[in-house]
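Hello,

Here is the structure I promised to pass on. Please have a look at it first, and then read my notes underneath.

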Amino acid sequence: MTDPTRRHLLRASAAGLLAGSGLLGACTPGSSDDGSGSGAEQPKGKAAAAAKPKGTLFVWMHESGAYHKVFMKLREQYEREFPEVTVEPQFIPVGQYDTKLLTAFTGGTSPDVCKIGAWHLHDHVAKQRMAPLVPEVFKASSTDELAARFEPGGLEPVTVNGKIYGLPVDFNTVFLLYRRDRFEDAGLDPDRPPRTWEEVEAFSKRLTNSDKSKVGMQWVIGEPQWSVQQLTALAGGTGGILGDDGKRAVLSRPAGVKALEYVAGLGNAKLRDPLFGAGLFGKGTSAMTFSGYFAIDMLTTYNKKLKFGRDFDVAPVPKWSGGKQISPAYSWCWSVPSGSSNQTTAWHFVNWLQDKERQRPQVEDAGIISPVKGWPELVKGDKALQLMAKEQPHADFGPQIKPWTEMAKALTDTMAAVAQGSQSPKAAAKAFDQRMGSVL
Amino acid sequence: MSLVRAAPAGPAARVAKRPEGQRRSARRRRTAGAGITLSLPVAAFFVVFWVLPFCNTVYLSFTDYALAGDANWVGLENYRRLLDDPQLHNSIKVTAIYTVCSVVPTVALALLAALPLARPGKVNGLLRAGLLVPAVMPFVATSIIWVIIYADGGLADTTLDGLGGGHISWLGDERYAMWSLIVMVVWKHLGLFVLIFTAGIQGLDRDVFEAAALDGAKAVRTFFSITLPLLRRTLLFVLVIAVTGAMQSFIPAYLLTQGGPANATEVLPLYLYNNAFGFQKMGYASALAVVLLLVMLILSAAQFRVLRGGEDE
C-alpha cells in the first residue's frame, strides 16, 4: 500500500465534504421537493375526468382496528374493479401519525392519498403541501355541484380560501358521555341527562364525593384537540375564542372568562387520565365527560364489563341556559398531497370511497361517517350515530386557522392552568389572548 | 585496508546513508499519514452529521423556515423573540429546577454509594452491576415502566396509601409532576455515575490513605481532604455529562407528562421540539437550539474552571 500523500488526503477530504454537503443539501429548505406543488404535471378538466386510473397509490391513515378491516376489503374491491391500480395502504399509530406525515412532506416522500385531521388542513394548504380537489374526477362540473352532494356545511372543514382540499371522512360531533349507573346511585334519572351547563353543575355536585376521588363532570385536560372542543362549547362557539373575524383572541371577554370559571369549578384536574378522559370515565371515577364516537368502542374494550346503553350513554353537548345549541365537531379528511405524482388516480380512489355503496360498510362496521347527503339513513340502528346526525346542524368546528396547533396548545395550557388552580380564570384568559397576539 | 565493509549499493544503501534525523522525520510522516487516513471516515462522519447540520442550524436560526417553502432571512428576529416569549421563560425556569434537582442528588448519592462499593468483593461487584441495570436499559422502556409505577393504583400510589399518605396523582398534579420525573432520572443515572466514581476511587493511590490513617485522620476528614480533591477530575467529568445530559433531557418529559400539567414539566428540549415539529417554526426552534448550546458550553466551561482551578498552578 502506498502512503497517502497530502494531495490524496486533500482530494479525499474534498470529496467527503462535497458528499456531505449534498446529503445535507437534501435536508435544506428549497433544495428538494418540499411539497409545494411540485408533483408531476396533472391532467385537468375533461382530461382528468377521462384519465384511466392506473399505477400504485400509497395511502396513509391512522390505525383503527375496526376501520383497518373495512378498508382492506374496500381496497381489494377497488383493485378488482380497476386492475391497473395497486393500493398500498399504511396504517400508522395515531400518536405518531402527524409527525410521520410532516416528515414525509418535508422530505418530499408524501403518500398519494392521506387521511389528515381537517384542523391541520389550513396550515398544510398555506405551506402548499396539498393539492386542490379536481371536481371533474368526481364527475362534477364545479365545486358547488360537488358540495351539493354533501349535507349543508359538510365540506366546511375541508374548504380553505374557497377551495376544497379533501373530502371529509370520520366526521364527528362530540357527545356528553354519562354513566347511567353512577346517575342511578346518586338518585338521578339515567334517562334524563343534563341539557344545560347549569344542570351539569347541579348534577356534578350530587355525583362528586367529599375528597373528589369520584367526580361528576370531568374535563379532558392536557389534550389540544379536546381543549378546543370543550372551550368551543363553553365559550359560545368559535367566536368566543377568536372573535367573529378569527383574527384576534377574545377569551378574556366575559363569555370566555365565564367558561374558564366553569372549568375551574368542576371535576378534579389532579386525576390523571391517559385515555383522553375515557380512562376515568371507564372506571366510573367520573360520571360525565366529553368524547366522540370512537370512545364507545374504546370504553367497552378498556372495561369489558361496560355495556353501552346499560352502563353508560350519550347525550348532546349541553348549552348555556337560554343560549344557542353548539355541537363541537371535528372531521378527518381524505386529501391528496401536492407532491403526489398520481393525483388523478388518487382523487379517483377518494371519490370511489365516498360512493354511497361504499359508505355502508364504513358506517356500519366501523362507525366512520362521511357527511354525504342522506348519511343519517345509514345509521338507523345506532343510537350514538343517530344523535350525531341530529346534532350535525349545530356543528361548530372551532377556530380553523393556520396556526391551529399553537392555538390548541395555548388553549390546553390555559385550561390546565385554571383547572390546576395555578392561574385565575381572568389572568389565564388574558394570557391566552396575549399569547395568541404574537401568533395570529 | 579498511575493516569496514563497503556499503551495499541500491535503495537500502541510500536509506542507510540518510542521517538519523531525516529517517525519524520520514517515519513520523508515514505514521501521521496512516493516522489521518484511518481517522478520515470518522472525521467525515463528524463533518456530515455534526458540523454541517450545526452550520445549517445556525443558518436556519436567522430565517423563518417553517418546514416548507423557502427559508427567508429575518436577521436577529428569532433571537429578539426569545426575550419576549413567556413560554420560553417558563421552560428555562423548569429546566433549571430539573437540572439542579436531578444532578445534585444523583452525583451526591453516586459518590456516597461509590465509597463502600469501590472496595473489592463479590457482593460489591453484584451491587454495582445491579445499580447499573437502569442505566443500560433504554430510556423509553424505563419511562414506560415509571408511567405504570406512577399510575393511579400503581406501585407509588399504593405504597403511599399503604403508609397512610393517601392518594397522589404523581404525574397529574403540577405540585408533584416535576419531582416524579426527577426521582425517575436519579434512579436511571445513579448506577452509571457510581460506576465512574468507583473506577476513580479504585485508581487513587492507597499510600495516601494509609498515611492519613497513620496520622489519625477520621473517615469524614479523609473524604473531604483526600478523596474528594483527588477525585476532582472524575467529579468534573461526571458533572459535565450530568449537567449537559439534564439540560438536553427530552424523553422523560415527553413520555411521562408531555410537558404538563399546566407546563410544569415543559423542559427546554421539549419546548424546542414543540416549536420545531408541533408549530413548525424551525427558524425559531433553531435559534433556541443555538442558545441552548451556548448556555451548555458556558456552563461546561464554568465547571472546568471551578473544578480545575489551581491544578495548573
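Below is what I found, first for chain A and then for a helix pair in chain B.

This is a predicted model, in which local features need pLDDT of at least 70 and side-chain atom pairs count only at pLDDT 80 or more, while totals for chains, interfaces and linings use all residues. Residues are numbered from 1 along each chain as its sequence is written, and chains are lettered from A and ligands numbered from 1 in the order in which they are written.

Chain A has 18 helices and 12 strands (DSSP runs of H or I, at least four residues, and of E, at least two, numbered from the N terminus). Of its 440 residues, 50% are buried, that is, with 20 or more other C-beta atoms, placed from the backbone, within 10 Å of their own.

The domain assignment (automatic or from a database) splits chain A into domain 1 (45–173 + 330–386) and domain 2 (175–329 + 398–437). Their C-alpha centres are 30 Å apart. Each domain gives 15 residues to the contact (C-beta atoms, placed from the backbone, within 7 Å).

In chain B, helix H4 (residues 86–117) packs against helix H11 (residues 232–247) at about 145°, with the axes 9 Å apart; axes are lines fitted to C-alpha atoms over the stretch in contact, and angles run from 0 to 180 degrees between N-to-C directions. Among the residues that meet are Tyr98(B) and Val103(B) from H4(B), and Leu239(B) and Met247(B) from H11(B).

Best wishes

How values were computed. Two residues are in contact if their C-beta atoms, placed from the backbone, lie within 7 Å. A residue is buried if 20 or more other C-beta atoms lie within 10 Å of its own, exposed if 12 or fewer, and partly exposed in between; C-beta atoms are placed from the backbone.
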